[in-house]
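Here are my comments on the model, as numbered points. Please read them with the structure open.

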Amino acid sequence: MNRQAQAVVLLLLGGSVLRASVTDVYLRYVKEGLRPFLIAAGVLLIVAAVLTLWYDLRGSEHRQETPAGDGHDHHGHGGRVGWLLILPAVGLLLVTPPALGSYAVNQTGTALTGQEVDHYPALPAGDPVRLSMLDYAGRAIVDDGHTLGDRRVQLVGFTAPGADGEQILARMVLSCCAADGRPVKVGMAGDVPTGLPPDTWVEVVGRYTAQRGTDPVSEVDIPYLDIESWQRVAPPKQPYE
């Protein structure tokens, strides 16, 4: 690849990173706290692209032509292949992949290990109490629902097909980035949402139930929620927990 192609690839990659970083798109790939590092990386890539192009143009002004040799262009084919590397960079700039969803849920075992915490504190005041999916699942499985009692809780997640085709509620949990994302899965009983395609975001309100299911991927227990009401909601700004 010649220097001009290198500069264009660096510029497009840097632009893609900056574009994702200054919007909420980056939240589909990494945790919120990594935003400053992404911005810095994008700026460095753009600076590297500008310097590469500047040095190449500056050098061409002082470069003397070499003898043509046998008259054949031995580097033309390699140069053309190098420019093809621009295509994935343009794809990153123009196409925004969606956040991890129901497909990832069906391919990965639940993030609940059964060893999240030794002791769960009492639920805060409020009716219903809004909990994260991971918090509810941990209280239901690890704590056997003791701290949940008969309180009404509110969860937000997306629909996904579960075992035997039944619909479950899910949400992805990240440690660092989308590459290590794992789902939290909660079965639904009671007033279960119906007629919704996978990856539909819903807000559900319900109560703890001792009913449990089995994750078909990891074969560990997953909790259930006895749903009293539900409604469709827009995908949240932060799709991961």
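1. W54 sits in helix α2, which covers residues 35–62. The model is predicted, and in it W54 is partly exposed, at 44% relative accessible area. W54 belongs to a nonpolar surface patch of about 540 Å². The other members are I39, V43, V47, L51 and Y55.

2. Helix α1 passes a simple length check. Its 20 residues, 3–22, should span 28 Å at 1.5 Å a residue, and the end C-alpha atoms are indeed 28 Å apart. The buried positions in α1 are A5, A7, V9, L12, G14, S16, A20 and S21.

3. On confidence, the chain has a mean pLDDT of 84. A value of 70 or more is reached by 85% of the residues. The weak stretch is residues 71–75, where pLDDT stays under 50. The model gives these residues zero contacts beyond four places in sequence. Where pLDDT is low, the predicted coordinates should not be read in detail.

4. The chain has six helices and six strands. From the N terminus, the order is α-α-α-α-α-β-α-β-β-β-β-β. Among contacts with a separation of 6 or more, 72% join residues 24 or more positions apart.

5. Of the 241 residues, 36% count as buried. The chain exposes about 13600 Å², and 58% of that comes from carbon and sulfur atoms.

6. The salt bridges total eight. One of them pairs R207 with D150, at 3.5 Å from N to O. R207 is in strand β5 (residues 201–214) and D150 is in the loop between α6 (133–141) and β2 (152–161), so this pair ties together parts 57 residues apart in sequence. R207 is partly exposed at 25% relative accessibility, whereas D150 is exposed at 58%.

7. Which residue does R152 bridge to? The partner is E228, with the closest N and O atoms 3.6 Å apart. This pair links distant parts of the chain, with R152 in strand β2 and E228 in strand β6 (residues 221–232), 76 residues apart. Both are partly exposed: R152 at 22% relative accessibility, E228 at 35%.

8. R207 also bridges to E228, with the closest N and O atoms 2.5 Å apart. R207 is in β5 and E228 in β6, so the pair ties together parts 21 residues apart in sequence. Through shared partners, salt bridges join D127, D150, R152, R207 and E228 into one network.

Note on methods
Residues are numbered from 1 along each chain as its sequence is written. This is a predicted model: local features need pLDDT of at least 70, side-chain atom pairs count only at pLDDT 80 or more; totals for chains, interfaces and linings use all residues. Side-chain values use heavy atoms; hydrogens and water are left out. Helices (H or I, at least four residues) and strands (E, at least two) are DSSP runs, numbered from the N terminus. The expected span of a helix is 1.5 Å times one less than its number of residues. Buried means under 20% relative accessible area, exposed over 50%, partly exposed in between (1.4 Å probe, protein chains only). pLDDT is the predictor's confidence in each residue, from 0 to 100. Contact means heavy atoms within 4.5 Å. Accessible areas come from the Shrake-Rupley method with a 1.4 Å probe; for residues, only the protein chains shown count as cover. Patches are made of residues with over 30% relative accessible area and no salt bridge: like charges are joined within 9 Å, nonpolar side chains (Val, Leu, Ile, Met, Phe, Trp, Tyr) within 5 Å. A salt bridge is a side-chain nitrogen of Lys or Arg within 4 Å of a carboxyl oxygen of Asp or Glu.
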